[in-house]
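Got the viewer open? Keep the selection box handy, and we'll go from stop to stop together.

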Amino acid sequence: MKKTRIIGAGFCVPDNVVTNDDLSKMMDTSDEWIYSRSGIKERRWADEKTTTSDLAYEASYRAIKQAQIDPDEIDMIVVGTLSSDYFFPGVSAQLQERLNLRNVAAFDIKAACSAFVYSLSIADQFIKTGAAKTILIIGAETQTKLIEKSTEGRDIAVLFGDGAGAAVLQTSSNESCILSTHLHSEGKDLKNLWMEAPGTVENGWVDDAKIFKSKFTPKMNGKEVFRSAVTRFPEVINEALKHNDIKIEDVKLIVPHQANFRISEAVAKRLGVDTEKVYSNIHKYGNTTAASIPIALCEALEQNRISKGDIIILAAFGAGYTWASAAIRW
Ligand code: COA
């Protein structure tokens, strides 16, 4: 069986910084409320003209450049997003055109905050079996265009931000490789974190979207999501450790989905590790859903938190619920 490794990564966030104080001018909230509950100080919001495919394009361009490959080598594009430019087709088709790639397979997956690890796992299967040699994966969002920027939507509005991260995966010829991926879902509580429209259950919204307005913004039961996240993150990280017969001490860095700093603290506590071992940049970007893990991975690499030979674990949890982990030897 072949092995897969990440040969390049890149990210892109919009220039527009929105601080907690900026938000408190738009809705009834405060820096103290937001920071004490989430660890977030600021986030980036895409302007009206910037789309998810714009951010995805820029992150992909940077990842391809770092990978030092000819874009013609790319065999497949997988995009994780819940805020695609259009309801269909996906951002992946736009990237094929904008990056001027061959007519390769391109598809989007809707696994919310777990979408990047899901994409990584899909790419790993194709490369391991020899069905593909080089795959571009992306997590990208401009989800703040969907949120209600008022007191009514404040529980969601203060947590989320926009951005994109990408990675190029290729057949590995050395020790550096994806060691394992584990993917899970449980749909019974899907309404704890969801956006109902546009969907096909509700008839009539096309004729009178105003009546259904509130269904076009995400809804969240924060306490329940928190409770599940602090259980599923350690569970799926432990699954990776067990599968690879390694201990948490063998892991250099955990790069989790950036949902909430308090969730990361609780995960560190449950795993019995220092909070420092769980990478965090949520103070700068908030929760960027599918983009948060690749952005965090890029920044951890830039900060030399990961060296050749280190074992790292990516871990995700999000709407669905979905959750996932990937153990990687760098
Ligand atoms: N500013 C001020 N007050 C707010 C607010 C905001 N942005 N958002 C909600 N509130 C209010 C609520 O209306 C509620 O008021 P009430 O008690 O009068 O009804 C109160 O604050 C709730 O506060 P608290 O009980 O302290 O909230 P919490 O400890 O559950 O924290 C979250 C709320 C959302 C930060 C927390 O539940 C959380 O992080 N959940 C997980 C979210 C997540 O990670 N989602 C993505 C997963 S991928």
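## A walk through the model

Begin at Y321, which sits in the loop between β12 (311-318) and β13. Bear in mind as you click around that this is a predicted model. Show the backbone here and look at the link from G320 to Y321: the peptide bond is cis, with omega about -10 degrees. Another one to pull up is the bond joining A197 and P198, also cis, with omega about 5 degrees. P198 belongs to the loop between β9 (193-194) and β10 (219-220). These bonds are worth a click because most peptide bonds are trans.

**Into strand β13**

From Y321, move along to S325, which is part of strand β13 (residues 322-329). Is S325 buried or exposed? Its relative accessible area is 0%, so S325 counts as buried. Turn on side chains and you'll find that of S325 reaching the backbone oxygen of V236 at 3.0 Å. Now select what surrounds S325, skipping neighbours within four places in sequence: the contacts are V117, S180, T181, H182, V236, A240, I313, L314 and A315. Keep S180 in the selection, as we'll meet it again at a later stop.

**Over to helix α7**

Next, select R232 in helix α7 (residues 222-243). R232 has 19% relative accessibility, and since buried means under 20%, R232 counts as buried. Which side chains does R232 join in polar contacts? One is that of E186, at 3.1 Å, and another is that of E235, at 2.7 Å. Leaving out residues up to four places away in sequence, R232 touches E186, F317 and W323. While you're there, draw a distance from the C-alpha of R232 to the C-alpha of A316: you should get 8.7 Å, for residues 84 apart along the chain.

Now go on to N244, in the loop between α7 and β11 (251-256). Here's S180 again: the side chains of N244 and S180 make a polar contact of 2.9 Å. Beyond four places in sequence, N244 is in contact with L179, S180 and A327. Try another C-alpha distance, this time between N244 and L179, and you'll read 7.3 Å across a sequence separation of 65 residues.

**Two helices side by side**

Hide the side chains for a moment and bring up helix α3 (residues 52-67) with helix α4 (residues 91-98). At what angle do α3 and α4 pack? It is about 55 degrees, and their axes are 10 Å apart. That angle makes α3 oblique to α4. As for handedness, the crossing of α3 and α4 is right-handed.

Side chains back on, please. From α3, select T52, S53, D54, A56, Y57 and S60; the residues they meet in α4 are V91, Q94, L95 and R98. Colour this contact between α3 and α4 by class and you'll get 4 nonpolar, 4 polar and 2 charged residues.

**A pair of unusual backbones**

Stay around α3 and pick Q68, in the loop between α3 and β4 (76-80). Its phi is positive, near 55 degrees, and Q68 is not a glycine. That's a reason to pause, because most residues other than glycine have a negative phi. Switch to a surface view and Q68 counts as exposed, because its relative accessible area is 72%.

Then jump to N304, which is in the loop between α10 (292-302) and β12. N304 has a positive phi too, about 55 degrees, and again the residue is not a glycine. At 62% relative accessibility, N304 is exposed.

**Last stop: strand β7**

Finish with S172 in strand β7 (residues 163-172). Is S172 buried or exposed? With 9% relative accessibility, S172 counts as buried. A polar atom of the S172 side chain lies 3.1 Å from the backbone oxygen of N174, so add N174 to your selection. To complete the view, add K3, T4, R5 and C177, the residues in contact with S172 once its neighbours within four places in sequence are left aside.

Notes: Residues numbered from 1 in each chain as written. Predicted model: local features only at pLDDT ≥ 70, side-chain atom pairs only at ≥ 80, totals over all residues. Heavy atoms only, no water. Helix = DSSP H or I, 4+ residues; strand = E, 2+ residues; numbered from the N terminus. Buried < 20%, exposed > 50% of the residue type's maximum accessible area, 1.4 Å probe, protein only. Polar contact = N/O pair within 3.5 Å; in protein donor to acceptor, adjacent residues only side chain to side chain. Contact = heavy atoms within 4.5 Å. Axes fitted to C-alpha atoms, helices over the stretch in contact; angles between N-to-C directions. Parallel < 35°, antiparallel > 145°, perpendicular 65-115°, else oblique. Left-handed = near helix turned anticlockwise from the far one by under 90°. Nonpolar A, V, L, I, M, F, W, Y, C, P; charged D, E, K, R; others polar.
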